[in-house]
Amino acid sequence: MKQKQRKRVTQAQVARMAFTRGLVATGVLAFAESGGGALSRSALRRALKSGIAVASGTLVADSLERDEPLKAVLAIAGGIVGAAATDRLLAVADQEQERVRDGKEEIG
């Protein structure tokens, strides 16, 4: 009897799925809380960081289930770095947008 071969899911695929779930879930909640209006930048920022947090947590759980504690620690570190980098990059983008809006754009 032939057994069905299961397609092995890589940790990168697990992380992508978890990120998407976290991003979409938080975005849906933020949209519902806004009364169906446009989402603020802070709500979008929260959704993006939630996706990172859910992906990190999912990878930690998956790594611990596979008895791979080093990968779990790396997933925690990656989540922290990802959330911090997201904050920093979005803060820089906010500052740049304010500069342009205030007419203080530097030339050259």
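Student: What pattern does the protein follow, read along the sequence?
Tutor: This is a predicted model. The protein has 3 helices and 0 strands. Read from start to end, the pattern is therefore α-α-α.

Student: What percentage of the 108 residues of the protein count as buried?
Tutor: A residue counts as buried when its relative accessible area is under 20%. The protein exposes about 8,300 Å², and carbon and sulfur atoms supply 60% of that area. Of the 108 residues, the share that counts as buried is 22%.

Student: Among contacts between residues at least 6 apart in sequence, what percentage join residues at least 24 apart?
Tutor: A contact here means heavy atoms within 4.5 Å. For pairs at least 6 apart in sequence, the share joining residues at least 24 apart is 66%.

Student: Which residues make up the largest nonpolar core?
Tutor: Nonpolar side chains tend to be buried together in soluble globular proteins. The largest nonpolar core here has 6 residues in all. Helix 1, helix 2 and helix 3 each supply at least two residues of this core. Its members are V14, A15, L59, V60, A72 and A75.

Student: Which residues does V14 touch, not counting those up to four places away in sequence?
Tutor: V14 belongs to the largest nonpolar core. L59 is another member of that core. With residues up to four places away left out, V14 touches V9, T58 and L59.

Student: How far does helix 2 reach from its first C-alpha to its last?
Tutor: Helix 2 covers residues 41-65, which gives 25 residues. At 1.5 Å a residue, the expected reach is 36 Å. The reach in the model is close to that expectation, at 36 Å.

Student: What covers the buried residues of helix 2?
Tutor: The buried residues of helix 2 include A43, A47, S50, G51, I52 and A55. Further along helix 2, S56, L59, V60, D62 and S63 are also buried. Their cover includes helix 1 and helix 3.

Student: Which helix do the buried residues of helix 3 pack against?
Tutor: In helix 3, the buried residues are A72, A75, G79, T86 and D94. The end C-alpha atoms of this helix of 33 residues are 48 Å apart, which agrees with the span expected at 1.5 Å a residue. The buried residues of helix 3 pack against helix 2.

Student: Which residue meets D94 in a salt bridge of 2.5 Å?
Tutor: D94 is one of the buried residues of helix 3. The pair links distant parts of the chain, with D94 in helix 3 and its partner in helix 2, 53 residues apart. That partner is partly exposed, with a relative accessible area of 46%. The N to O distance is 2.5 Å, and the partner is R41.

Student: Which residues are linked with R41 in a network of salt bridges?
Tutor: The count of salt bridges in the model comes to 6. One of them joins the side chains of D94 and R41. The network that holds R41 also links R45 and D94.

Student: Is D62, the salt-bridge partner of R66, buried or exposed?
Tutor: In the bridge between R66 and D62, the closest N and O atoms are 3.2 Å apart. R66 is partly exposed, at a relative accessible area of 33%. D62 has a relative accessible area of 17%, and the cut-off is under 20%, so D62 is buried.

Student: Which residue meets K71 in a salt bridge?
Tutor: K71 is partly exposed, with a relative accessible area of 40%. Its partner is also partly exposed, at 26%. The N to O distance is 3.7 Å, and the partner is E68.

Student: What is the phi of D67, the residue just after helix 2?
Tutor: D67 lies in the loop between helix 2 and helix 3. At 66% relative accessibility, D67 counts as exposed. Its phi is positive although the residue is not glycine, with a value near 60°.

Student: Which residue with a positive phi follows helix 3?
Tutor: Helix 3 covers residues 69-101. The residue in question has a phi near 75° and is G103.

Student: Which residues form a nonpolar patch on the surface?
Tutor: The patch has about 230 Å² of accessible area in total. One member lies in helix 1, residues 11-33, and is partly exposed at a relative accessible area of 30%. The patch consists of L23, V24 and V28.

Definitions and conventions
Residues numbered from 1 in each chain as written. Predicted model: local features only at pLDDT ≥ 70, side-chain atom pairs only at ≥ 80, totals over all residues. Heavy atoms only, no water. Patch = residues over 30% accessible without salt bridge, like charges linked within 9 Å, V, L, I, M, F, W, Y side chains within 5 Å. Areas by Shrake-Rupley, 256 points an atom, 1.4 Å probe, with all protein chains shown as cover. Salt bridge = Lys/Arg side-chain N within 4 Å of Asp/Glu carboxyl O. Helix = DSSP H or I, 4+ residues; strand = E, 2+ residues; numbered from the N terminus. Buried < 20%, exposed > 50% of the residue type's maximum accessible area, 1.4 Å probe, protein only. Expected span 1.5 Å × (residues − 1). Core = buried A, V, L, I, M, F, W, Y, C linked by side-chain atoms within 4.5 Å.
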